[in-house]
Amino acid sequence: MATAIIFAKNRECARRKELLERQKDHERLVADVLKSWDKSHTGTLSYDELKEWLTSMNQGLAPSDAECKWVMRIAIDKTPGMDMVQDLTKAFVKQMYFGRAAQSYLAYQETCHEINAVFKKFDTDSSGSLDREQLKEVLTALNDGGAPADEELDYVLKRADVIGSGTITKPELAMAISLWYTLEEQHNMERQSFMGPHTSGSMLGMGSPRRTPSDKTEKSEKPATEAVPPMPPLAEG
């Protein structure tokens with residue numbers, strides 16, 4: 001019993017030390033960002049100041065307006081009073097969200113190669129974003145030719161379009177794919193529930209379950225994750 005108590009106390013001390021180190025790291029980040037990029041001396045980052053900061057993270061390559069707006073939306077999403085901001089160029093990032101802004105942008109940068117490959121194939125008008133039909137083609141390719149139902153396509157587009165442009169930009173693509181896979185997982189769980197826990201598609205001669213346009217899936221209202229998941233391979237067209 002005494003050993004267990006000592007172990008629990010040591011674990012709690014280690015946890016507190018880790019939290020303290022994280023706090024110190026964030027304080028250093030805030031101090032560095034304010035010193036270098038808060039040109040207006042407001043204690044926050046404006047849209048233009050955020051863009052300059054992101055440029056410094058990317059070896060001097062400035063982010064596109066869509067990328068900067070996406071980071072701004074991610075960073076202010078939980079800020080009281082700013083969830084309804086429409087013109088993101090007039091928003092600002094508070095100090096407590098500097099870390100989230102940096103992590104989101106760096107995670108996105110790690111997937112840029114895969115995202116660019118998707119856009120090269122499906123952004124046929126070179127607009128820099130995917131409209132509804134182009135997004136449908138992407139999701140269809142991810143589903144081995146099974147196209148999403150109209151309501152599923154609308155759901156993914158509405159939830160992933162955090163910038164509010166009516167299209168899917170490069171930084172929004174990973175979220176769109178994550179939402180689509182969530183719908184797929186829900187659909188497969190419903191199929192398994194219907195067939196029974198000991199029944200597989202191969203036993204029925206069906207092979208892997210595949211969505212068709214007529215399949216229906218209830219939509220989860222759980223907010224989409226902010227993290228950028230790895231980009232999956234697309235089926236060859």
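**Close-up views of the predicted model**

**Figure 1. Helix α2 and the residue that follows.** Q59 comes after α2 and has a positive phi, near 55 degrees. The model shown here and in the other views is predicted. Helix α2 covers residues 47–57. Its buried residues are Y47, E49, L50, W53, L54 and T55. K51 of α2 is partly exposed, with a relative accessible area of 21%. E52, in the helix as well, is partly exposed at 37% relative accessibility.

**Figure 2. Salt bridge between E52 and K39.** The closest N and O atoms of E52 and K39 are 3.3 Å apart. This pair links distant parts of the chain, 13 residues apart: E52 sits in helix α2, and K39 in the loop between α1 (2–37) and β1 (45–46). K39 is partly exposed, with a relative accessible area of 49%. E52 also counts as partly exposed, at 37% relative accessibility.

**Figure 3. Salt bridge between D65 and K51.** In this pair the closest N and O atoms are 2.7 Å apart. D65 belongs to helix α3 (residues 65–76) and K51 to helix α2, so the salt bridge ties together parts that are 14 residues apart in sequence. D65 is partly exposed, with a relative accessible area of 43%. For K51, which is likewise partly exposed, the relative accessible area is 21%.

**Figure 4. Contact of helices α4 and α5.** Helix α4 spans residues 98–110, and its axis comes within 5 Å of that of α5. The two axes cross at roughly 60 degrees, and α4 and α5 are therefore oblique to each other. On the α4 side the contact is made by Y108, Q109 and E110, and on the α5 side by C112, E114 and I115. Sorted by class, the contact has three nonpolar residues, one polar residue and two charged residues.

**Figure 5. S126 in the loop between α5 and β3.** Helix α5 (112–122) and strand β3 (129–130) flank the loop that holds S126. S126 is not a glycine, yet its phi is positive, about 55 degrees. With a relative accessible area of 64%, S126 is exposed.

**Figure 6. Packing of helices α6 and α7.** Helix α6 (residues 132–142) packs against helix α7 (residues 150–160) at an angle of about 105 degrees, and their axes are 11 Å apart. This angle makes α6 roughly perpendicular to α7. From α6, the residues R132, L135, K136 and L139 take part in the contact; from α7, D150, L153, D154, V156 and L157 do. Five residues of the contact are nonpolar, four are charged and none is polar.

**Figure 7. Salt bridges around R132.** E133 forms a salt bridge with R132, and the closest N and O atoms of this pair are 3.8 Å apart. E133 is partly exposed, with a relative accessible area of 45%. R132 counts as partly exposed too, at 27% relative accessibility. Through salt bridges that share partners, R132, E133, D150 and D154 are joined into one network. Of these residues, R132 in α6 and D150 and D154 in α7 also appear in the contact of the two helices. A search of the whole structure finds five salt bridges.

**Figure 8. D144 in the loop between α6 and α7.** D144 is located in the loop between α6 and α7. Its phi is positive, about 55 degrees, although D144 is not a glycine. D144 is exposed, with a relative accessible area of 52%.

**Figure 9. The protein chain as a whole.** Eight helices and four strands make up the elements of the chain. Read from the N terminus, their order is α-β-α-α-β-α-α-β-α-α-β-α. The chain has 237 residues, of which 38% count as buried. Among contacts with a separation of 6 or more, 59% are between residues 24 or more positions apart. The accessible surface comes to about 14000 Å², and 55% of this area belongs to carbon and sulfur atoms.

Conventions: Residues are numbered from 1 along each chain as its sequence is written. This is a predicted model: local features need pLDDT of at least 70, side-chain atom pairs count only at pLDDT 80 or more; totals for chains, interfaces and linings use all residues. Side-chain values use heavy atoms; hydrogens and water are left out. Axes are lines fitted to C-alpha atoms, for helices over the stretch in contact, and angles run from 0 to 180 degrees between N-to-C directions. Angles under 35 degrees count as roughly parallel, over 145 as roughly antiparallel, 65 to 115 as roughly perpendicular and the rest as oblique. Contact means heavy atoms within 4.5 Å. Ala, Val, Leu, Ile, Met, Phe, Trp, Tyr, Cys and Pro count as nonpolar, Asp, Glu, Lys and Arg as charged, and the others, Gly among them, as polar. Buried means under 20% relative accessible area, exposed over 50%, partly exposed in between (1.4 Å probe, protein chains only). Accessible areas come from the Shrake-Rupley method with a 1.4 Å probe; for residues, only the protein chains shown count as cover. A salt bridge is a side-chain nitrogen of Lys or Arg within 4 Å of a carboxyl oxygen of Asp or Glu.
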